[in-house]
Amino acid sequence: MKYILVTGGVISGIGKGIIASSVGTILKSCGLHVTAIKIDPYINIDAGTFSPYEHVVPHITDAIQEWVVKQAKVPVDDDDVEPQVCVIELGGTVGDIESMPFIEAFRQFQFKVKRENFCNIHVSLIPQPSATGEQKTKPTQNSVRELRGLGLSPDLIMCRCSTALENSVKEKISMFCHVEPEQVICVHDVSSIYKVPLLLEKQGVVGYLSRRLDMPIGTRPRRMLTKWKEMSDRSDRLLEHCSIALVGKYTKFSDSYASVIKALEHSALAISHKLEVMYIDSASLEPSTLQDEPVKYHEAWQKLCSADGILVPGGFGVRGTEGKIHAINWARKQKKPFLDANSTEFDPESKHPVVIDMPEHNPGQMGGTMRLGKRRTIFKTNNSVLRKLYGDAEYVDERHRHRFEVNPELKSHFEEKGFRFVGQDVEGERMEVIELDDHPYFVGVQYHPEFTSRPIKPSPPYLGLLLAAAGKLQSYLQKGCRLSPR
């Protein structure tokens, strides 16, 4: 197993994730089996229960090294082959107190797995003050010095900069950071993040990693990289637009919905449309806002009404839920009566609970009680739109993260009104997918399809939303779910 550790310096949010995934992409295009691990310094007993607006106190686990080795061996491709390369992104910034235990763990880890199986990519910032326009190397020098002081020495220094790195600056970094010029990689701002793998490929990153880690990389044509280049070029030529209203609870911080936004982008790019996401705080759609802040209320509804499509992502707790229901009600274009019922999460004493606790969930203890991870969903009907979008599959395996389920006692009442549960779990007890009859595209899923969306292979539920919003869903389905070559 070859391990590539990606660390970051100077500032957070510098693009470690994009670098890590780009390295994985170009290595995968070479025919290697690649997996990835993201380690976030914010670890707690159950960090998944925290709001995206919150941070948590770090607690380091004792067995992180053994855990990395174990996870790196888990097959991630359809052929179930054990990965050859594991790209590890270490979140945070070198020097942060939260990162220290992880840096120390990897300092020891590099000796455990031997030098020829471990390398470090350090992502750093090259600021360019507008007053002088000069690219500054001092922050990178300090960051590399601090990393070395902690026991890790970078093999590649990837420099994030607004414009291409000047040769003199590259040589200066090489000189003062104790690396060869070929080990200094320029990652300047580009029109699309999908161009980053091509940028790394052009600067010989694959060749360097092949030599440094003694990896067997053939010289055959890279079909995947050719498709990737075509996709990145197409992203610059998008003329048609499509707007999606994202109605959620955490819209002040767009990173809260990073996976959702990426899944939308993948689907928009697949149908050659430029995506416009309109963020709407679900609480702004509620009648109480009309009383307190009428301007905010009307602006929110104007956004919702002008969008080509509406997406309501998952969320926990009571706040903003009524606004989501109003948005969903509007999305049905009032073809069906408004559903006036509560969930036990919002009102434990509700007499008509539509959404209830799963039997194995203990309401008194929030941590570690979710239905979590990959689960199988069986399609119960042949004429489901979502089933067709999945390639007429009999079942799908998608990732879950929830504590509540639709009350199975009410299933028949809904279906009598055209609200069909087209997908259920293996036991047939839990409702997984709903579709509404006589509607252009009204789909709800219990799972999180955005987690498995990829740039070249977008998530089917999201692709269906974008196709319907662009008025192309029916023609797509009639063509056997094939996109035009253009």
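Start by selecting His-122, which stands opposite Ile-157 in strand S5. Keep in mind as you click around that this is a predicted model.

**Stop 1: the six-stranded sheet**

Widen your selection to strand S4 (residues 118–125) and strand S5 (residues 156–161), which pair in the parallel sense over five bridges. Next, bring in helix H4 (residues 138–149), which packs on the sheet and touches strand S1 (2–8), S4 and S5. The direction of H4 makes about 145° with that of S4.

Now show the whole sheet. It is open and has six strands, in the order S2-S3-S1-S4-S5-S6, with parallel pairing. Where does the sheet end? Go to strand S2 (34–39) and strand S6 (184–188), which stand at the edges. Each has a single partner strand, so one side of each is left without a neighbour in the sheet. Look along the strands as well: neighbours in this sheet are turned by 20° against each other on average, direction ignored.

**Stop 2: a histidine in a loop**

Stay around S2 and pick His-33, in the loop between helix H1 (16–28) and S2. Is His-33 buried or exposed? His-33 counts as buried because its relative accessibility is 17%, and the cut-off for buried is under 20%. To see what surrounds His-33, select its contacts: leaving out residues up to four places away in sequence, they are Asp-77, Asp-79, Val-81, Glu-82, Pro-83, Gln-84 and Val-85.

**Stop 3: the cavity**

Select Thr-7, Gly-8, Leu-90, Gly-91, Gly-92, Thr-93, Val-94, Ser-99 and Ile-103, the residues that line the largest cavity. About 30 Å³ of space lies in it. The count of cavities of 30 Å³ or more comes to one.

**Stop 4: the three-stranded sheet**

Move on to the open sheet with the order S8-S7-S9, where the pairing is again parallel. Nine bridges join S7 to S8; for one pair to click on, take Ala-245, whose bridge partner in S8 is Met-278. Helix H11 (residues 294–306) packs on this sheet, touching S7, S8 and S9, and its direction makes about 150° with that of S8. Turn on H15 too: this helix lies across S7, S8 and S9, running at about 125° to S7.

For the edges, highlight strand S8 (273–281) and strand S9 (309–311). Each of these has a single partner strand, so one side of each is left without a neighbour in the sheet.

**Stop 5: the nonpolar cores**

Which residues touch the most other members of the largest nonpolar core? Select Leu-264 and Leu-386 out of its 32 residues. Strand S7 (240–248), helix H9 (258–270), helix H13 (385–389), helix H15 (460–469) and helix H16 (473–478) each supply at least two residues of this core. Zoom in on Leu-264: leaving aside neighbours within four places in sequence, Leu-264 is in contact with Ile-244, Leu-275, Val-277, Leu-311, Tyr-462, Leu-465 and Leu-466. Apart from this core lies another, of 31 residues, including Ile-26, Leu-27, Val-196 and Ile-217.

**Last stop: zoom out**

Finish with everything on screen. The protein has 16 helices and 16 strands, and 48% of its 486 residues count as buried. Among contacts with a separation of 6 or more, 72% join residues 24 or more positions apart.

Terms used. Residues numbered from 1 in each chain as written. Predicted model: local features only at pLDDT ≥ 70, side-chain atom pairs only at ≥ 80, totals over all residues. Heavy atoms only, no water. Core = buried A, V, L, I, M, F, W, Y, C linked by side-chain atoms within 4.5 Å. Buried < 20%, exposed > 50% of the residue type's maximum accessible area, 1.4 Å probe, protein only. Helix = DSSP H or I, 4+ residues; strand = E, 2+ residues; numbered from the N terminus. Contact = heavy atoms within 4.5 Å. Pairing = 2+ DSSP bridges. Axes fitted to C-alpha atoms, helices over the stretch in contact; angles between N-to-C directions. 1 Å grid on protein atoms, 1.4 Å probe; cavity = no way out; pocket = protein on both sides within 12 Å on 5 of 7 lines; lining within 4 Å. Points joined across faces, edges and corners; volume = space filled by probe spheres on them.
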